[in-house]
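Work through these exercises with the sequence and the model side by side. Each task is followed by a stepwise solution.

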Amino acid sequence: MTGSTHAHADAPHEPVFVGKVREQLDALFPKYPTKQACLLPALWMVQEARGWISPAAMAEVADVLGLTPAYVRGVATFYTMYHLHPVGRHFIQVCGTSPCHLCGSDDVLKAILKATGCGELGATSADGRFTVVEVECLGACGFATPILIDDDFHDSVTPERVAGILARYP
Amino acid sequence: MSDLVNVTIDGVQISVPKGTPIIEAAKQAGVLVPHYCYHPSLPSPAVCRMCLVEVEKAPKLVPACVTTVADGNVIHVNNDKSKRARESVLEFLLINHPLDCPICDQAGECELQDYTFQEGRAGTRYGDYAKRYNPVEDFGPDVLYVANRCILCTRCVRFMDNVAGDAVLNVSERGDRAFIGIDPDHKLDHPWAGNVVDLCPVGSLISKDFLHKARAWDLDKTASVCTGCTQGCNTMIDTRDDVVVRLRPRPNLDVNRHFICDEGRSDYRWMNRGDRIEAPLVREGGKLTPTDWTQALDRLGAAVKAARRVVILASGRASTESLGFVRRMVDGASVTAAIKVPLGAEAPLAGVPNLALRKERVPNLAGASLAGYGTDWSAALAAAKGADLVVVLDADLDDADVAALSGAAAVAVIGTVDDDRLAGSALILPATNMAEENGTYVNRDHRVQRYFQAKPAPGMARPAWWIAAEATHAARGLAAPATAADAFAALGAMIPALAGLTYSDLGHTGRVVTPNAAGAAR
């Protein structure tokens, strides 16, 4: 990734697991046989709170769950949906799998890259608002092209609809 | 016999204990199941898929490293089905492998190379495919990680996690992007981390110390014992053109399993020292003069015979044979004998009981103690003042030690390295160092272990036991052994714990003796 908003990547790490988030995590422990089993949800909590998972945050997760930072890093890098670099306020995932591709997902992607000002895949727009990536099947092949913005699903997106959709994400 | 099961592996029928993994049962049947991730000293994750074998009536191939034998199993390691599976696994492993064997340190002792040669495909079906590339990473003091060669067997990860207890390695990313990652805040600097280099079945984790020093097929390998501490880890001395270039662990499940510490691993340069005593030197008209062994031994015999108060300052690296015969040489006199024991920090290997780099950094402390040597160095130095004769047996002397020698009437040095500070001695006799002789060490658990000659001795150097035995013969007419084996067999007369033991009793893994026993522990 060539993210351009690494500004806060060097900022000192503020603990994530304090107050409410800590309570959330503690509530999970009884549901799993081991603390280690809470690793994925814990990483999600970090990503929710910070937008991405920094090495310092991994160390914190390791500390909280009694694991080693190396192990947490191994898991975090295994899964593609954890962000290991800072991303924009809104994270846009565009389907690029065969059916969507045949129905013109390339044009949708180009329109989104242009409208957001990101320019290229994985990059964050200069205003820090958007990051765009291409993903494999979003599971809506009958409604090409689907895109996922944060947790919102938009189907049948065409290049013409892009500007209207993006306007809802300041 | 309910705890034994009968299995047939490639037509060989054997009985093995229940719970034995197929891969170990096959070993006993004389069949090697090719494997990468499996290692007898590590937990098995069954990730490499190389050891897939066919078990009759099982629906699909099973990994031999984690599948345990069941009674009546008929297992095929070398039939078409299993071989095809291995061929496919090898093809996958080689998709991104750089095939840089000509510049790879592992070439010649690489399991990827061996198995591909044995049963891999002759060509590639990925000719136009761009291999993924990752840069070489510096993991720690002696370890480089060449990511492109890695087959992700995870032996290194498991060693650091489960055995060393310092989990700094992981598998990062996934799929064909996966590589061995290291915690960015740490180095691979655990005192036992060097073992990942031996564990790595390919040339991915390599030793900086050994980097580009020798090709594996140019190395001569000699079974030996580490001289680093009283643990007595079994080692292999690798020499190239009679120069020691590498020490590696030699498996001994009772002592060091498959491991040695980094300090022991790097402790070999002294074996190659060039500044050696090469001829016997005797004092002629106030000057040290080279001579032959006959005259030198007569002189030593005469000096010993005349001496009433003798001090022996010995090295803890001397063999039990040498310590025993040097001690016998001065029998009849009043003797103070001691070895110098340097101390250091203890560094245990968490995952293996009773295995550590020990505080006492000499290999033969127990052997010396059996042979009648104390460890009170300063008392021995004090006794040297006014002694008729001080015998220095290859001891590492500092300036204060040398100064203490000046109070003795005569000094006889049986040594390896030439030392100007000892030029005032009456006799300086060239001895072999441990890489140049056969001998035994007794480790902290009183395990008597053999080491073998790895390289020729320089000049006229002889084992110290030979020098002492011949001098004793010259002085008192006692028969002198001709070989190290004879010398060891004769030690029983001096050291009751060793009575009745011979080299062949010790084998390659040693034998534990009872220190106060009148006879051998049989």
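**Exercise 1.** Find the residue in strand 22 of chain B that stands opposite Ala412(B).

*Solution.* Start at Ala412(B); opposite this residue, in strand 22 of chain B, stands Leu427(B). Strand 21 and strand 22 (residues 427-430) of chain B pair in the parallel sense over 4 bridges. Strands are DSSP runs of E with at least two residues, helices are runs of H or I with at least four, and both are numbered from the N terminus. Two strands pair if DSSP finds at least two bridges between them.

The model is predicted: local features need pLDDT of at least 70, side-chain atom pairs count only at pLDDT 80 or more, and totals for chains, interfaces and linings use all residues. Residues are numbered from 1 along each chain as its sequence is written, while chains are lettered from A and ligands numbered from 1 in the order in which they are written.

**Exercise 2.** Trace the path from strand 20 to strand 21 of chain B and give the hand of the crossover.

*Solution.* First, the pairing: strand 20 (residues 389-393) of chain B runs parallel to strand 21 of chain B, over 4 bridges. Leu393(B) stands opposite Ile414(B) of strand 21. Next, the connection: the chain leaves strand 20 of chain B, passes through helix 11 (residues 399-405) and enters strand 21; this β-α-β crossover is right-handed. Right-handed means that, with the strands pointing away from the viewer, the path from the first strand over the helix to the second runs clockwise.

**Exercise 3.** Is strand 21 of chain B enclosed or open?

*Solution.* Sort the side chains first. Val411(B), Val413(B) and Gly415(B) point one way, Ala412(B) and Ile414(B) the other, and all are buried. Buried means 20 or more other C-beta atoms within 10 Å of a residue's own; exposed means 12 or fewer, partly exposed lies in between, and C-beta atoms are placed from the backbone. Strand 21 (residues 411-415) of chain B is largely enclosed by the rest of the structure, because 5 of its 5 residues are buried.

**Exercise 4.** Which residues of the largest nonpolar core touch the most other members?

*Solution.* A nonpolar core is a set of buried Ala, Val, Leu, Ile, Met, Phe, Trp, Tyr and Cys residues joined through C-beta atoms within 7 Å. The largest has 178 residues; Ile312(B), Ala314(B), Val390(B), Val391(B) and Leu393(B) touch the most other members. Helix 12 (residues 464-476) of chain B gives the most to this core, 9 residues. Now take Val390(B): beyond its neighbours within four places in sequence, its contacts (C-beta atoms, placed from the backbone, within 7 Å) include Val311(B), Leu405(B) and Val411(B).

**Exercise 5.** What covers the buried residues of helix 13 of chain B?

*Solution.* Count first: 6 of the 8 residues of helix 13 (residues 484-491) of chain B are buried. Among them are Ala484(B), Phe488(B) and Leu491(B). The cover includes helix 8 (320-329), strand 23 (439-442), helix 12 and helix 14 (503-506) of chain B.

**Exercise 6.** Which strands stand at the edges of the open sheet of chain B with the order 2-1-5-3-4?

*Solution.* This sheet has 5 strands and mixed pairing. Strand 2 (12-17) and strand 4 (62-63) of chain B stand at the edges; each has a single partner strand, so one side of each is left without a neighbour in the sheet. Further in, 2 bridges join strand 1 (residues 4-9) to strand 5 (residues 74-76) of chain B, and the two run parallel. Thr8(B) has Val74(B) as its bridge partner in strand 5 of chain B.

Note on methods
Contact = placed C-beta atoms within 7 Å.
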